[in-house]
Structures are given as structure tokens and as C-alpha cells.
Amino acid sequence: MRRRAPRPIATALATFTASIAPATVLAQVQGIWGAVVGDTIAAHATVVAEHDGVLEIVCDESVWTAELELMGPDLIDRLTASLGRPAIVSLRCRTGSS
């Protein structure tokens, strides 16, 4: 009987975390948000909801709300590329607290 070689822990953890990750679009977007928009925007804008492809984002200042509205089409394209499917069709940005 042959013993299998040990697997790297990273492989085992990746399989485990993928199996327990929430399958909602909101959870997936929240998981990639910082990588897609960058640290600066992520520090000022938080994804709080998703409904029928509309992503709701709360910004801490109105200038960030306006900026994300202008960047909307580009952000949607980047989110689509990261998710691997067109799950987000529009953004709704507001100023306030999440």
C-alpha cells in the first residue's frame, strides 16, 4: 500500500474556504471589492446591498459618491471581469453610514 504525498495546507484551506463561502452575489462582491477598486476607494466606499444586479454602495463623503457614479461603467466592467459573469448591471451610490 502506497501512502499519498502530503498536500500543502494552502490547497486544503482553499478547498475548505471555497466550500463555506456564501454563494450570494453580495458576498462575492464584498470579497473582491478592495482588489477591484483599490485601497483608497475601498477606504471611503462600502458595498452594503445587492438586489437584481443593482449594487448599493455607501460612501463616507459626497465627493466619493459623485466619483463612483462617474466611474460606474468602468467599475461594473471590472467587477464583471473579476466575478467571471455579468452579475452587476448598475450601481446606486449614496452618502451616509453603512
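In this predicted model, three strands make up an open sheet, ordered S1-S2-S3. The pairing within the sheet is mixed. S1 and S3, the latter spanning 90–95, form the edges, and each of them pairs on one side only. Neighbouring strands are turned against each other by 25 degrees on average, with direction ignored. Strands of a sheet pair through backbone hydrogen bonds, and the pairing may be parallel or antiparallel.

Two helices pack on this sheet. Helix H2, residues 25–37, touches S1 and S2. The direction of H2 makes about 160 degrees with that of S1. Helix H4 covers residues 62–83 and touches S1, S2 and S3. Its direction makes about 160 degrees with that of S3.

The pairing of S1 with S2 is antiparallel. S1 runs over residues 45–51 and S2 over residues 54–59, and 6 bridges join the two strands. Two partner pairs show the register. His51 has Val54 of S2 as its bridge partner. Ala49 is matched with Glu56, also in S2.

The S1–S2 hairpin has 2 residues between its strands. Asp52 lies in this loop. Its phi is positive, at about 55 degrees, although Asp52 is not a glycine. Is the Asp52 residue buried or exposed? The relative accessibility of Asp52 is 65%, and the residue therefore counts as exposed, the cut-off being over 50%.

Charged pairs were examined next. The structure holds 3 salt bridges. Arg92 forms one of them with Glu56, and the closest N and O atoms are 2.8 Å apart. Arg92 belongs to strand S3 and Glu56 to strand S2, so this pair ties together parts that are 36 residues apart in sequence. Glu56 also forms a salt bridge with Arg94, where the closest N and O atoms are 2.7 Å apart. This second pair again links distant parts of the chain, with Arg94 in strand S3 and Glu56 in strand S2, 38 residues apart. Glu56, Arg92 and Arg94 are thus linked in a network of salt bridges.

How accessible are the members of this network? Glu56 has a relative accessible area of 14%. Glu56 therefore counts as buried, since the cut-off is under 20%. Arg92 is partly exposed, with a relative accessible area of 49%. Arg94 is also partly exposed, at 35%. The acidic residue of the network is thus buried, whereas its arginine partners, Arg92 and Arg94, are partly exposed.

The remaining pair is found in helix H4. Asp74 forms a salt bridge with Arg78, and 2.9 Å separates the closest N and O atoms. Why do Asp74 and Arg78 sit about one helical turn apart? The two residues are 4 residues apart in helix H4, which means a separation of about one helical turn. Both ends of the pair are partly exposed: Asp74 has 38% relative accessibility, and Arg78 has 30%.

Helix H4 also holds Glu69. Glu69 is partly exposed, with a relative accessible area of 40%. Which residues does Glu69 contact, apart from its neighbours within four places in sequence? The contacts are Leu91, Arg92 and Cys93. Arg92, one of these contacts, is the residue that forms a salt bridge with Glu56. The C-alpha atoms of Glu69 and Arg94 are separated by 9.4 Å, although the residues are 25 apart along the chain. Glu69 therefore lies in a helix that touches S3, and its listed contacts include Arg92 of that strand.

A nonpolar patch was found on the surface. Which residues make this nonpolar patch? Ile9, Leu13, Phe16 and Ile20 make it, and its area is about 450 Å². Phe16 is placed in helix H1, which covers residues 9–20.

Conventions:
Residues are numbered from 1 along each chain as its sequence is written. This is a predicted model: local features need pLDDT of at least 70, side-chain atom pairs count only at pLDDT 80 or more; totals for chains, interfaces and linings use all residues. Side-chain values use heavy atoms; hydrogens and water are left out. Two strands pair if DSSP finds at least two bridges between them. Axes are lines fitted to C-alpha atoms, for helices over the stretch in contact, and angles run from 0 to 180 degrees between N-to-C directions. Contact means heavy atoms within 4.5 Å. Patches are made of residues with over 30% relative accessible area and no salt bridge: like charges are joined within 9 Å, nonpolar side chains (Val, Leu, Ile, Met, Phe, Trp, Tyr) within 5 Å. Accessible areas come from the Shrake-Rupley method with a 1.4 Å probe; for residues, only the protein chains shown count as cover. A salt bridge is a side-chain nitrogen of Lys or Arg within 4 Å of a carboxyl oxygen of Asp or Glu. Buried means under 20% relative accessible area, exposed over 50%, partly exposed in between (1.4 Å probe, protein chains only).
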